[in-house]
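Welcome, and thanks for opening the viewer. Set the display to a cartoon, keep the selection box handy, and follow the stops below.

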Amino acid sequence: DLHLHPFRSPSQNGGADRLADGLSAMRQTLQVACDRGCPWVFLGDIKQVRGIWPQDALSGALALMQEYSDVPKIMLSGNGYHDGTGVKESGAGGLDPFRPYAVVVTEPTVWHGNNHFFWDVPTAFWPWQVSLDGLPAFLEDAKKQSARLLFGHGFLQGAALGEDDRRLNIGIPPEQFGLAGPPEQRVFDVAVFGDVHKQQLFGDSLRCRYAAILYPGSPYAQSWGEREEKKGCLYIYCGVDLTVEQIEVHAPHFVVLHPEDREHLLEELARPRVGDFVRVLVPSSVMSEWEPFIRSTAAEHQWRHVEVISIPTVSPTQSASSKVHSGQSREDLLGEYVRARPPAEELGDAEKVLHAGQQLWEE
């Protein structure tokens, strides 16, 4: 999930530097495939805005594809609201320019053995689809061809999100994709999916009672919601034993600091964060004292970007509304806001309003 785009936040020059971060991450993953002599498989969401390709993003990506022309490449289409032309359309008009350099997969496909990429291994591809209506026929075809390896794009139930590895009860059940049960009962042994930006492996890595399900995640951090210490790509060898190697991509990190006291602040500021984006949440009572010191440290340690945000000093007697501040994640901000300002009775209960708000935010 590259989402190549001149993101304005927290850019220093109108988005050019953030686009350079994305192109650098793309180059590094192509170099890994070149060094390892393996195919480069891209699992969707190469662009950010549906129906639009920023010229510098497209030309930069095409230049890299041409530079690494010797690397075999496969590209799956991602969500319609990124790679496509609309939120209710499958396919990927946004990937059409890459067809001279890569095999672009926009419809569910099963490859027979003896293909150019995976030798004698039958392989199944499920790019993002508007609906799952075609899934039963796809699974039946995969069974007939004995395709035990699946590449796809979608949110599977059980995938972890965020820093605290939340597993929400939403998404497509892995059972529906033929990933559950012992080998003789399921369709696939290994599934590698795009869509979730957090790198992870779940299911059964030994492939005894469940398929191994992998998300390479986004190769570089794209927002304050992606704060893993290591981002990158996966080198996967599907032999008798499944071997998965995490390969780090070097790019700026998004870091949020919430020091409890001055000693904790000094400890956090001492950590190396050269080139990183750093947001420091400071109690309002000490803002005037701490902010100058934080900014001078940021300049000295060559942070790429720093935000110092004043947050209320909350006491048990204060209202819930004081818990809402600009340093929060989108999900926490929306949740606290709805709890602090309950909706009018005619709008329904708070949970329904919160769910509707989250859906609107996603769209």
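The expected span of a helix is 1.5 Å times one less than its number of residues. Helices (H or I, at least four residues) and strands (E, at least two) are DSSP runs, numbered from the N terminus. You are looking at a predicted model, where local features need pLDDT of at least 70 and side-chain atom pairs count only at pLDDT 80 or more, while totals for chains, interfaces and linings use all residues. Residues are numbered from 1 along each chain as its sequence is written, and side-chain values use heavy atoms, with hydrogens and water left out.

**Stop 1: helix H2**

Select residues 55-67, which make up helix H2. At 1.5 Å a residue, its 13 residues should span 18 Å, and the end C-alpha atoms agree, being 18 Å apart. Now show the side chains: Ala 57, Leu 58, Gly 60, Ala 61, Leu 62, Leu 64 and Met 65 are the buried residues of H2 (buried means under 20% relative accessible area, exposed over 50%, partly exposed in between, with a 1.4 Å probe and protein chains only). Their cover includes helix H1 (16-36), strand E1 (40-42) and strand E2 (73-76).

**Stop 2: the sheet E1-E2-E3**

Stay with E1 and E2 and add E3: these 3 strands form an open sheet in the order E1-E2-E3, with parallel pairing. E1 and strand E3 (103-105) are the edges; each has a single partner strand, so one side of each has no neighbour in the sheet. From one strand to the next, the twist averages 15° (axes are lines fitted to C-alpha atoms, for helices over the stretch in contact, and angles run from 0 to 180 degrees between N-to-C directions). Zoom in on E2 and E3, which pair in the parallel sense over 3 bridges (two strands pair if DSSP finds at least two bridges between them). Which residue stands opposite Met 75 in E3? Pick Val 104 to see the partner.

**Stop 3: the loop around Arg 186**

Move on to the loop between strand E6 (149-153) and strand E7 (190-194), where Arg 186 sits. Arg 186 counts as buried because its relative accessibility is 5%. Setting aside neighbours within four places in sequence, its contacts (heavy atoms within 4.5 Å) include Arg 148, Gly 178, Arg 207, Cys 208 and Tyr 210.

**Stop 4: the cysteines**

Cys 208 is partly exposed, at a relative accessible area of 45%. Cys 233, by contrast, counts as buried at 13% relative accessibility. How many disulfides does the structure hold? There are 0 (a disulfide is a pair of cysteine sulfur atoms within 2.5 Å). For Cys 233, the closest cysteine sulfur is in Cys 38, 8.5 Å away, which is too far for a bond.

**Stop 5: the E10-E11 hairpin**

Select strand E10 (residues 232-238) and strand E11 (residues 242-248), an antiparallel pair with 7 bridges. The two strands form a hairpin, with 3 residues between them. Label Ile 236 and its bridge partner in E11, Val 244.

**Stop 6: the sheet E12-E13-E14**

Finish with another open sheet of 3 strands, in the order E12-E13-E14 and with parallel pairing. Its edge strands, E12 (254-257) and E14 (305-311), each pair on one side only. Strand E13 (residues 277-283) runs parallel to E14, joined by 7 bridges, and Pro 283 has Ile 311 in E14 as its bridge partner. Last, show helix H5 (residues 287-300), lying across E13 and E14 and running at about 170° to E14.
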